[in-house]
Amino acid sequence: MSIDVASAERTIRRGKAITLAAMVGLAGLYLLALRYTPTERFEGLVQKVYYVHPPGAYAMQIAFGVVGVVSVLYLWLRDERLDLVAEASAEVGLVFGAMTLVTGPIWGQPTWGTWWTWDARLTFTLIEVLVFAGYFALRSAMQDSHERARYSAVLGVMALLLVPFNHLTVYLFNTTHPKPITLQTNKPQLPDEMLRTFLVGFGVFTVLYLGFVITRYGIGLRRAAMEADHA
Amino acid sequence: MPETGNSMIAAYIVVAVIVIGYAFTLWRRSR
């Protein structure tokens, strides 16, 4: 496998362009949520956290899921680029994880009357974030790049189990956290304006995830190319 | 309808700060 600095630079540029487009999209999402989406009758304005909190949590789940999948592929193919994708996606997942863990309590305090409760969904989200923080502790403890890639891929594969389990916590346990309203088998119980804004939120956060992870992957790729040049 | 606008604003500011902050970090690391 050969990695060259020029292709890494191209990846970084592509990632930055996508990130910029996603940030414009985020501004559009805010405008849509604040200006054109009705206010919910019982919760008031805080319900509008709904347009950023679940999409942020979904981006975290996608990011950690990608770490697991590319870790499996790394253990099979031993391509260093897959390890770099896993590293990038884990870092971006932590960013979205932090966002989820902060916006959730901001909604929970006025709605539930408490910032935090040790309910299954909240607890497992915290555990998932801590496991991926540990993933970086493990990476930084390894000097040899092949060993680092192999050990972190094993952790990435094991942590992959947390992703579907976290999604299922609201069904498996009696939780305070609401179940996903739009994933009900009957018609989504949301007015069309709210549903549209909610789906736009998912679109914006998907593009944001892609922009972040491609840029971060490009940075890792360039570092690997420079290290290979100096070796 | 309860007055919960401050919480909404706080959440939106947090999201914007995290997104802009991380984008800025990536931009600096990419130079």
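Entry 1, the contact between chains. I looked up the contact first: 29 residues of chain A and 19 residues of chain B take part, two residues being in contact if their C-beta atoms, placed from the backbone, lie within 7 Å. On the side of chain A that touches chain B, α1, α3 and α7 of chain A each supply at least two residues. I noted that α3(A) has the largest share there, 9 residues. Helices here are DSSP runs (H or I, at least four residues), numbered from the N terminus. I sorted this side of chain A into 18 nonpolar, 7 polar and 4 charged residues. Ala, Val, Leu, Ile, Met, Phe, Trp, Tyr, Cys and Pro count as nonpolar, Asp, Glu, Lys and Arg as charged, and the others, Gly among them, as polar.

Entry 2, the model. This is a predicted model, where local features need pLDDT of at least 70, side-chain atom pairs count only at pLDDT 80 or more, and totals for chains, interfaces and linings use all residues. Residues are numbered from 1 along each chain as its sequence is written, while chains are lettered from A and ligands numbered from 1 in the order in which they are written. I read a mean pLDDT (the predictor's confidence in each residue, from 0 to 100) of 94 for chain A, with 98% of the residues scoring at least 70. Among the elements of chain A, α2(A) has the highest mean, 98, and α6(A) the lowest, 92.

Entry 3, one residue. I checked A:A63 and found that A:S89, A:V92, A:G93, A:F96 and A:Y209 touch it, not counting residues up to four places away in sequence.
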